[in-house]
Each structure stands twice: as C-alpha cells, then as structure tokens.
Amino acid sequence: MIKNATFRQLAALHAVSRLGSVSRAASELHLTQPAVSIQLKLLEESAGAPLLEKEGRGVRLTGAGELMADYAARILDLWREAGDEMAAQRGVFSGTLRVGAVTTAEYLLPPLLVAFAGHQPDVKVKLQVGNRDEIVRMLAGQEVDIAIMGRPPAELKTTAVAFAKHPMAFLASPKHPLMALRKPTLSDLVGANLLVRERGSGTRTTLERLYKDAGLPLRIGSEMSSNEAIKHMCAAGFGVAFLSLHTCALELEADLLALLPMAGNPLERDWYAMHLAARRLPQVASAFKQFLADEGQKLIHEQLRALPHKPKRRVAARQVK
C-alpha cells in the first residue's frame, strides 16, 4: 500500500529524479548508494510498480516513476512549508528562500538578497540562475518559490509584481564607427553585426519587439547564450550589443563599452517578481516579495547610480526609432 511510503523514500526518489543518478542522490542525501537503493526498492514495493529503469550508466524514471516523483516533490515541499509555518507560530522567522532568476538578473539580485538576509539571520537563501525557459520550468515544478524575470510567462498562471525599472541599451566599443554618428537610429544598426542572446531570452524578445514595432528587419550578426561572451565580443569592436545595463557596470566604468548616442537609449522595462497564482507562498518568500516591492527600486537605483547612463552627446529624450 502506498500509505506505507516514508519521507525518506520520497526524498530518495526526488533526489534521483533531479540528479539522474543514484550515486549523486546518495551524495546529496549524505547516504551510501546501497542505502538509497534500498529506499527506492521499498517505495517501488509500496507503489506496486517499477519507478526506475537503467539507462546506460545511469537511471531514468518510468512513467509511474515520473508520476510518483511529481507527488514526492509536492509532498516534501508542503512538509518543508509546514515546518517553516510552525516555526513562525513560535515567533521564529526562518526557512529557506528559494529564488530563480534569469541570467541577466544574476547581476542585480545578490545585493538584494544580501540586504534582505542581513535583517533575517535565520533565513537561508537558495538562488538558481538559468535562461528564461529553465526558470519557467523550475517555477512550474515548484523548485523555486519566486522567479525574477523581465516579463511574466504567458504559459503559466502567475501573480506578478513589478518592483524595479530595467534599463536595456544598445552598446558598442567607444571606437566603433557608429559612435561618431550624431544620432544613429535603428536603421543604422541593420548592418552593424548585432550581438544578441539566444531566442527565447528576455533580452532577445525585447529586441525583436523593438524592431517589429519600428517595421524594420532584425538581422542577427551573432547569437550567444552568454552575456559575458557578448560583452567581450562587443568591447573588441566585433559588433553592437543589446544588453541590460545591470550586466555592464564594470565595462562602462572602464570605458570598454559605451552607450550608442541614440535617442531614448537606454530603454526602460520592468523587473517582475512572480509566483504561481494557485500556490500559497511560504512566509519567507512572501516577506521577500514584499521587500522587493518596498525596497527593490531604491537598492537597484543605488547600484546603477554610478553608471554613465547618458550618451556622451546630448540627444532628445524619446523612444528609439
């Protein structure tokens, strides 16, 4: 009977489903590999169906295993929340803050987490960074409680709050020929070897929408999955980049990159903190979301205040055309 399953057995399956290996699961759980195998065998007997099957040197979940792993994750998550809420009843504010952030947000989020955790010494932070698709998957699978990204995902029902402005800009090497133009436009960038993130990233989506609204073709010069790679290529004069200013603080201060003197550059979008609409947030996650709403803009403004936000040439303050 499934009622005979234990939390230890569910934890073993949950670890294997995430890590794809009994040995890696054993290492994470601080158990021996035979001990994890025994727990999985007992859970299979309770479920009345095989949950794992060998695949090469590892294992993969069967159909029944995927179903059970999903329930295991939800049960373990609820039990963790129960422990946090019971601690709150005793007046102890504690727990683990599980946050997922798109790669661009990893530059701005650590100071916010430090500021929040600095006032909550009993709170632990687990930050996971990935591309947009990965963070959406983590949010849907309840691997994170809160996700930070540039726009709420249409494929999930979420409750989202905009907590800060997100400056995004066209950048180039200070020696790039376009820097000599008085007022370059989007049309001038059509043949400028645009360096962009991969399709599906928030930065790429913003750029695509910008060109579509202007009725111009978007001709990609080079596509990269790393902000760091784009910055290095751009600083070397290889092309023009469209990036979040949060990613470029050091390069702008060192004059390795500069804002193109375009009207309305940088653009401003919003950063959102979101969670699943149907899910009640744990106390610590709810407190962090409120902290972002109350303090996020101020703290991020302090981070960006030293950056040279304005192009060297004076331009009209209007949207990029």
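**Exercise 1. Find how much space the largest cavity holds, and sort the residues around it by class.**

Step 1. The largest cavity contains about 40 Å³ of space. Keep in mind that you are working with a predicted model.

Step 2. Check how many cavities reach 30 Å³ or more: the count is one.

Step 3. Now look for the residues around the space. Leu139, Gln142, Val144, Asp145, His275, Leu276, Arg279 and Leu281 line the largest cavity.

Step 4. Sort this lining by class: four residues are nonpolar, two are polar and two are charged.

**Exercise 2. Describe the largest pocket and say which elements build its lining.**

Step 1. Start with the volume, which is about 600 Å³ for the largest pocket.

Step 2. Go to the centre. The lining has 19 residues, and those closest to the centre of the pocket are His14, Arg18, Leu76, Arg98 and Lys126.

Step 3. Trace the lining back to helices and strands. At least two residues each come from helices H1 (7-19), H2 (22-29) and H4 (63-89), and likewise from strands E3 (95-102) and E4 (123-130). Helix H4 gives the largest share, with six residues.

Step 4. Finish with the classes: the lining of the largest pocket has eight charged, six nonpolar and five polar residues.

**Exercise 3. Decide whether Cys234 and Cys248 are paired or unpaired, and buried or exposed.**

Step 1. Recall the cut-off: two cysteine sulfur atoms must lie within 2.5 Å to count as a disulfide.

Step 2. Apply the cut-off. The structure has zero disulfides. For Cys234, the nearest cysteine sulfur belongs to Cys248 and is 8.1 Å away, and Cys234 is in no disulfide. Turning to Cys248, its nearest cysteine sulfur is that of Cys234, 8.1 Å away, and Cys248 is in no disulfide either.

Step 3. Now test for burial, where buried means under 20% relative accessible area. Cys234 counts as buried because its relative accessibility is 0%. Cys248 is also at 0%, so this cysteine counts as buried.

**Exercise 4. Sketch the whole protein in a few numbers.**

Step 1. Count the elements: the protein has 10 helices and 11 strands.

Step 2. Draw a box around the C-alpha atoms along the principal axes; its sides are roughly 75 × 50 × 35 Å.

Step 3. Look at burial and surface. Of the 321 residues, 44% count as buried. The protein exposes about 16,400 Å², and carbon and sulfur atoms supply 53% of that area.

Step 4. End with the contacts. Among those between residues at least 6 apart in sequence, 75% join residues at least 24 apart.

Methods: Residues numbered from 1 in each chain as written. Predicted model: local features only at pLDDT ≥ 70, side-chain atom pairs only at ≥ 80, totals over all residues. Heavy atoms only, no water. Buried < 20%, exposed > 50% of the residue type's maximum accessible area, 1.4 Å probe, protein only. 1 Å grid on protein atoms, 1.4 Å probe; cavity = no way out; pocket = protein on both sides within 12 Å on 5 of 7 lines; lining within 4 Å. Points joined across faces, edges and corners; volume = space filled by probe spheres on them. Helix = DSSP H or I, 4+ residues; strand = E, 2+ residues; numbered from the N terminus. Nonpolar A, V, L, I, M, F, W, Y, C, P; charged D, E, K, R; others polar. Contact = heavy atoms within 4.5 Å. Areas by Shrake-Rupley, 256 points an atom, 1.4 Å probe, with all protein chains shown as cover.
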